[in-house]
Amino acid sequence: MAQAQASSTSSGSSAGGLGRLIGVGLILASVVLLALGAYLGPYTYSTSTAGKLTVETCTVDYKHRSGSSSTSRKRTKTRWCYGTFTATDGSVKDLNAELRSDSLHQRGEVIEALKTGDTSYQQDHGWVGSIAVGCAWWFGSLIPLALGLLCTTTGFAFGGTSDFNRAKQAVGHGLLSTVYTLIAVGVVGVGLSLLVMFFA
């Protein structure tokens with residue numbers, strides 16, 4: 001009996017250690033998502049060169065991705081527009097610019113664009129769009145943060161029913177409420193940010 005209890009305690013402590021390790025990893029992942037949000041959103045927008053791309057032609061790139069079964073294949077569609085990019089301040093003119101577009105444009109149409117690198121461009125959705133991009137990543141980071149707090153506090157390691165019951169006994173009501181709140185705010189925030197990005 002004592003041997004069984006010792007074995008149970010040993011397995012519980014090892015699962016707790018693994019859970020805390022997973023929790024630290026999730027918290028670090030949330031920090032990375034925060035940094036990505038800042039970089040891909042406001043930072044990229046503020047360091048890019050604003051201008052206009054005069055469309056020469058647009059194409060659609062189809063790609064097939066294999067699904068879970070050998071017969072199911074999913075087709076994705078990406079629109080690309082090519083033309084001349086001219087910076088608003090006149091500092092840059094690129095006759096061979098290309099960018100991923102929300103829709104197909106006719107020749108001669110003008111797209112608000114950003115030069116984000118030596119040969120990379122993207123559509124300009126303004127400060128609202130860039131902040132929405134950052135917010136989508138920031139709200140998304142709340143989900144691994146919440147799970148990371150749960151794992152580091154209780155040792156929960158996603159190890160099935162027994163692991164969940166052990167973690168449930170260890171968790172306080174306040175922490176559980178915080179975890180649920182962070183996850184709910186993260187999901188709703190990502191959804192709203194994506195809507196703003198779509199309409200920006």
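Helices, of at least four residues, and strands, of at least two, are taken as DSSP runs and numbered from the N terminus. On this basis the predicted model contains four helices and five strands, and these elements follow the pattern α-β-β-β-β-β-α-α-α along the sequence. Of the 200 residues in the protein, 29% are buried. Among contacts between residues at least 6 apart in sequence, 64% join residues at least 24 apart. The accessible surface amounts to about 12,300 Å², and carbon and sulfur atoms account for 61% of that area.

Part of this surface is a nonpolar patch composed of Val32, Leu36, Tyr39, Leu40, Tyr43 and Trp137, which together expose about 560 Å² of accessible area. The greatest contribution to the patch comes from helix α1, spanning residues 2-47, which supplies five residues. Leu40, one of the patch residues, is located in helix α1. Its relative accessibility is 36%, and Leu40 is therefore classed as partly exposed, a category that lies between the buried limit of 20% and the exposed limit of 50%.

A contrasting environment is found at Lys115. This residue belongs to strand β4, which covers residues 110-115. Lys115 is buried and yet forms no salt bridge. The nearest side chain of opposite charge is that of Asp94, at 4.9 Å; because a salt bridge requires a side-chain nitrogen of Lys or Arg within 4 Å of a carboxyl oxygen of Asp or Glu, the pair of Lys115 and Asp94 does not qualify. A polar atom of the Lys115 side chain is instead placed 2.6 Å from the backbone oxygen of Asp118. When neighbours within four places in sequence are set aside, the contacts of Lys115 are with Ser48, Thr49, Phe85, Val92, Ser120 and Tyr121.

Ser120, one of these contacts of Lys115, lies in the loop between β4 and β5, the latter strand comprising residues 121-123. With a relative accessibility of 31%, Ser120 is counted as partly exposed, whereas Lys115 is buried. Beyond its neighbours within four places in sequence, Ser120 is in contact with Leu114 and Lys115. A polar atom of the Ser120 side chain is located 3.0 Å from the backbone nitrogen of Gly117. Ser120 can also be related to a residue elsewhere in the chain: Ala97 is separated from Ser120 by 23 residues in sequence, with a C-alpha to C-alpha distance of 7.8 Å.

Methods:
Residues are numbered from 1 along each chain as its sequence is written. This is a predicted model: local features need pLDDT of at least 70, side-chain atom pairs count only at pLDDT 80 or more; totals for chains, interfaces and linings use all residues. Side-chain values use heavy atoms; hydrogens and water are left out. Buried means under 20% relative accessible area, exposed over 50%, partly exposed in between (1.4 Å probe, protein chains only). Lys and Arg count as positive and Asp and Glu as negative; His and the chain ends are not counted. A polar contact is a pair of N or O atoms within 3.5 Å; within protein, one must be able to donate a hydrogen and the other to accept it, and residues adjacent in sequence count only if both atoms are side-chain atoms. Contact means heavy atoms within 4.5 Å. Patches are made of residues with over 30% relative accessible area and no salt bridge: like charges are joined within 9 Å, nonpolar side chains (Val, Leu, Ile, Met, Phe, Trp, Tyr) within 5 Å. Accessible areas come from the Shrake-Rupley method with a 1.4 Å probe; for residues, only the protein chains shown count as cover.
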